[in-house]
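Hi everyone, thanks for coming. Please take a look at the chain on the screen, and I'll walk you through a few spots.

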Amino acid sequence: MTTPMLTKNQTLVFDVLTKAESPLSAYTILDKLRDQGFRAPLQVYRALDKLLEYGVVHRLESINSFVACAHPDENCHSHGLVAFAICESCGQVIEFHDHEVDHRLMDWLKSQKFKAEKSTIEIRGHCAKCAA
């Protein structure tokens, strides 16, 4: 899947996230885009909502921040469950998908007749560099 046609604001927000070395909060994104005419958090949140819908950005719930998808040219929604390893020291985020974990969780959901609306796995710890 190719990235859908983005509005100017969506493109600016997406570009900030793709260039970021760590996850960014909406207010940090706003601060980085003030010179491009962004004045209100609502401008950032509207762009983020669409980028999330398109699957090119992810929200990290535990740290209330956003990251660009590691593979935006693919349909992230088709991967099933996406997980994130978040380094507590340097802030590095590694996005990954494990089919075996995905299948086990789907099997459990089916066995419980539970209809999931949203799921995110975030593993917090220390990356190899920081743990050394």
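**Around Cys127**

Let's start with the company Cys127 keeps: setting aside its neighbours within four places in sequence, Cys127 is in contact with Cys87, Cys90 and Gln92, where contact means heavy atoms within 4.5 Å. Before I go on, a word on the source: this is a predicted model, so local features need pLDDT of at least 70 and side-chain atom pairs count only at pLDDT 80 or more, while totals for chains, interfaces and linings use all residues. Residues are numbered from 1 along each chain as its sequence is written, and side-chain values use heavy atoms, with hydrogens and water left out.

Back to Cys127, which sits in the loop between β5 (121-125) and α5 (128-131). Helices (H or I, at least four residues) and strands (E, at least two) are DSSP runs here, numbered from the N terminus. Is Cys127 buried or exposed? Cys127 counts as buried because its relative accessible area is 11%; the classes are buried under 20%, exposed over 50% and partly exposed in between, with a 1.4 Å probe and protein chains only.

**Two domains**

Now the wider view. The protein chain is divided into domain 1 (8-68) and domain 2 (76-125), with bounds from an automatic or database domain assignment. Their centres, taken over C-alpha atoms, are 22 Å apart. To the contact, domain 1 gives 14 residues and domain 2 gives twelve residues.

How much area do domain 1 and domain 2 bury between them? About 930 Å², with 56% of it on carbon and sulfur atoms; buried area is the accessible area (1.4 Å probe) that two parts lose on being put together, summed over both. In domain 1, His58, Leu60 and Glu61 lose the most area to domain 2, together 42% of what that side buries.

For polar chemistry, there are four residue pairs in polar contact between the domains, both residues at pLDDT 80 or more. A polar contact is a pair of N or O atoms within 3.5 Å; within protein, one must be able to donate a hydrogen and the other to accept it, and residues adjacent in sequence count only if both atoms are side-chain atoms.

**Two loop residues**

Last stop, backbone angles. Asn64, in the loop between β1 and β2, has a positive phi of about 50 degrees although it is not a glycine. Lys113, in the loop between α4 (99-112) and β5, is not a glycine either and has a positive phi of about 55 degrees. Asn64 is partly exposed at 43% relative accessible area, and Lys113 is exposed at 77%.
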